[in-house]
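Q: Please give a close account of the disulfide in this predicted model. Which parts of the chain does the pair link, and how buried or exposed are its two cysteines?

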Amino acid sequence: MDRIMPGVIAVLFGSMALIVVFVPLVALSYRRRGGFSALRMIGWVALLFYVMGLWAYTLLPMPDGDDFRCVGVVLNPLEDVVDIARLQAEHGGSLLANAAVQQLALNVLLFLPLGFFVRALFDRGIAVAIGAGALVSLAIELTQLTGVWGVFHCAYRVFDTGDLLSNTVGAVLGSLAALLVVRRGRGDGSATDARPITTARRLLAMLVDLATVWLTSAGLSVLVNTAILVLAGDEAALEVSDAVATGATLVAIGAQAVSVMAGGITLGERAVLIDAREQRAPRWLWRVVRFLAGIGGYSLLALGDSGGPAAVLALVSLVAAFTTRGHRGLAQAVAGMDAVDRNAAREPETVGGSDPVSTSR
C-alpha cells in the first residue's frame, strides 16, 4: 500500500461517518450554543477526517494473515536523535534530506491538528493538549505493540517511545498555532437565548428531516437484512430485501409522524429548536395536514416511486423556505402554524390583547 491509499481510505470512511454523525452534531450544536456555526461544523468535519486519517496512517496496511515479520520495541525516547546523528555522520549533506529528520518531522506534524482542535473546538489550552497528545499517541503505540489488541500474534509495527514524545510535542505546537486564529473563551451566545428563524435555519431543519428518514431506513434495512442473512441464508435475504427496505422506510416515516402529531414539529425542527405556534383547531387535524404537506408527504410520494410529484413538493417547499412569513416553510404555512424559536415559545405571547396563544409545548 502506497502513501496515498491510507488517505483515500480515510476519506472514504470519513465520508460514511460524516453522514451518520451529521444529525447529532446539528442537534448538539443548538443545545450547547443555541445556534449553528458553519465554521464550527467545518471544524468538526475536519476533526472527523483527521481521526480517520490518524487511524489509516498509523495502522494500515494491516498484515494479510500471518504473512508479516514481527518487530521489536524502541525504549529510548531519544532514539530519533541518535538516528539523525548516525545518518548525518554516514551520509552528510543537508539535514532536510536526512531520513530520520523527515520521520521525526512527520511524527510532529501528524499531531499538530490534534492540538489545534483541542483549543479550537473544545476551548482547552496547552495542558489538555499535552494530555490529549500523550494519551492518543500511547493508545496508538499500544495498539501497535499488542498486534491490534491480539488480532495478530505479534506487533507488525514498532512500539517507539520516541513517537510518544514527538507526537506530544506536535500537539503542543498545534495548540500554540491555534492562538493565531482562535480566541479562547469567545462568546457564541447563550443556548437559552431566543434566535430568529432564518432561511438557513429552515433549510437546515429540512436537511435534517431528509437525513433522519434516510439514515433510519438505511440503518434498519442493514440490521434486518443482516439478521436474515445470518439466520436464513443468502436466498432468503435476497427474496425479502425489497420488503425489508419498504418496511424500514415506513418505520422512518412513522417516526416523523409521531413527532409531528406529538408536538406539531418534525424531528429536523426539534434538532434546530424550531417550535410551532398553532392557530387552528382541532390541532390533531392540522398536524396531519402539516405532516402530509412536509416530510411525510414527500417521503410517501418518494416511496411510491412518484418521482414527479415528490420533486414538485420538494421544489415548492424549497421556495417556501425563502418566501413564507417568518420562514415557517410550506408545511407550517398550509397548516396555519407559525415558526418560533423554542426559547421564545416558552414565553406566553398575546395576540390583540386576547389570552396567551398556546404553542405546541
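**The disulfide and its setting**

A: Cysteine 70 and cysteine 154 are joined by a disulfide, with an S to S distance of 1.8 Å. A search of the whole structure of this predicted model finds 1 disulfide. The link is left-handed, with -85° about the S-S bond. The pair connects distant parts of the chain, 84 residues apart. Cysteine 70 lies in the loop between α2 (38–59) and β1 (73–74), while cysteine 154 lies in the loop between α6 (147–150) and β2 (159–160).

The two ends fall into separate accessibility classes. Cysteine 70 has 37% relative accessibility and so counts as partly exposed. Cysteine 154, at 15%, counts as buried, because the limit for that class is under 20%.

Helix α2, which precedes the loop of cysteine 70, also takes part in the largest nonpolar core. That core has 18 residues, and those with the most contacts inside it include Phe22, Val26, Tyr30 and Leu204. At least two of its residues come from each of α1 (4–33), α2 and α8 (199–232), and α1 supplies the largest share, 6 residues. Beyond its neighbours within four places in sequence, valine 26 is in contact with Phe36, Met41, Leu204, Val208, Ala271 and Val272. A second, separate core has 11 residues, among them Leu47, Leu54, Leu114 and Ala132.

Methods: Residues are numbered from 1 along each chain as its sequence is written. This is a predicted model: local features need pLDDT of at least 70, side-chain atom pairs count only at pLDDT 80 or more; totals for chains, interfaces and linings use all residues. Side-chain values use heavy atoms; hydrogens and water are left out. A disulfide is a pair of cysteine sulfur atoms within 2.5 Å. Helices (H or I, at least four residues) and strands (E, at least two) are DSSP runs, numbered from the N terminus. Buried means under 20% relative accessible area, exposed over 50%, partly exposed in between (1.4 Å probe, protein chains only). A nonpolar core is a set of buried Ala, Val, Leu, Ile, Met, Phe, Trp, Tyr and Cys residues joined through side-chain atoms within 4.5 Å. Contact means heavy atoms within 4.5 Å.
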